[in-house]
Amino acid sequence: MTNRTMSTPTVVYIVVMIAIIVGVDLLFLRSKPLARLIVNVGIVGLFLTVYMRFVKKA
């Protein structure tokens with residue numbers, strides 16, 4: 001069995017993504033559930049694209 005651990009940049013990237021999602025939810029989309037879902041999926045998609053393009057190569 002292999003030992004899989006995440007690198008420090010990956011962990012920081014995930015924490016930043018979560019902080020942005022929670023911040024946007026609390027500041028702008030508190031009472032709009034459908035808009036929250038759409039925006040959250042968009043944020044995750046954007047972070048995934050940037051991660052695959054830049055962070056994973058490092």
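Colleague: How many salt bridges does a search of the whole structure find?
Modeller: Bear in mind that this is a predicted model, where local features need pLDDT of at least 70, side-chain atom pairs count only at pLDDT 80 or more, and totals for chains, interfaces and linings use all residues. Residues are numbered from 1 along each chain as its sequence is written, and side-chain values use heavy atoms, with hydrogens and water left out. A salt bridge here is a side-chain nitrogen of Lys or Arg within 4 Å of a carboxyl oxygen of Asp or Glu. On those terms, the number the search finds is one.

Colleague: Which two residues meet in that salt bridge?
Modeller: Side chains of opposite charge can pair when their charged atoms come close. In this salt bridge the N to O distance is 3.6 Å, and the side chains that meet are those of Arg36 and Asp25.

Colleague: How many residues apart in sequence are the parts that this pair ties together?
Modeller: The Arg36 and Asp25 side chains meet in the salt bridge. Arg36 sits in helix 2 (residues 33-55) and Asp25 in helix 1 (residues 8-28), so the parts tied together are apart in sequence by 11 residues.

Colleague: Is Asp25 buried or exposed?
Modeller: The scale first: under 20% relative accessible area is buried, over 50% is exposed, and in between is partly exposed (1.4 Å probe, protein chains only). Its partner Arg36 has 30% and is partly exposed. Asp25 has a relative accessibility of 8%, so call Asp25 buried.

Colleague: How many helices and strands does the protein have?
Modeller: Both are DSSP runs numbered from the N terminus: helices are H or I with at least four residues, strands are E with at least two. The tally for the protein is two helices and, for strands, zero.

Colleague: What is the radius of gyration of the protein?
Modeller: The fold is two helices and zero strands. The globule rule (2.2 Å times the number of residues to the power 0.38, with the radius taken over C-alpha atoms) gives 10 Å for 58 residues. The protein's value is well over that, so the protein is more spread out than a compact globule, with a radius of gyration of 14 Å.

Colleague: And what does the C-alpha trace span along its principal axes?
Modeller: Burial first: 17% of the 58 residues of the protein count as buried. Along the principal axes, the C-alpha trace spans about 45 × 20 × 20 Å.

Colleague: How far apart are the end C-alpha atoms of helix 2?
Modeller: The expected span is 1.5 Å times one less than the number of residues. With 23 residues, helix 2 should span 33 Å, and the model agrees: the end C-alpha atoms are apart by 31 Å.

Colleague: What do the buried residues of helix 2 pack against?
Modeller: The buried ones are Asn40, Ile43, Phe47 and Tyr51. An α-helix has 3.6 residues a turn, so residues three or four places apart point the same way. Take Asn40, buried at 18% relative accessibility: leaving out residues up to four places away in sequence, Asn40 touches Ile21 and Asp25 (contact means heavy atoms within 4.5 Å). The packing partner of the buried residues is helix 1.

Colleague: How far is Tyr51 from Tyr13 in space, C-alpha to C-alpha?
Modeller: Tyr51 is in helix 2 and is buried at 18% relative accessibility. Not counting residues up to four places away in sequence, Tyr51 touches Thr10, Tyr13 and Lys56. Tyr51 and Tyr13 are 38 residues apart in sequence, and their C-alpha distance is 8.2 Å.

Colleague: Where is Leu29 found?
Modeller: Leu29 is buried, with a relative accessible area of 11%. Leaving out residues up to four places away in sequence, Leu29 touches Val24, Ala35, Arg36 and Val39. Val39 belongs to helix 2, while Leu29 is in the loop between helix 1 and helix 2.

Colleague: What accessible area does the nonpolar patch with Val22 have?
Modeller: Patches take residues with over 30% relative accessible area and no salt bridge, joining like charges within 9 Å and nonpolar side chains (Val, Leu, Ile, Met, Phe, Trp, Tyr) within 5 Å. Val22 lies in helix 1 and is partly exposed at 43%. Areas are Shrake-Rupley with a 1.4 Å probe, and for residues only the protein chains shown count as cover. Together, Met6, Val11, Ile14, Val15, Ile18, Val22 and Leu26 have about 610 Å².
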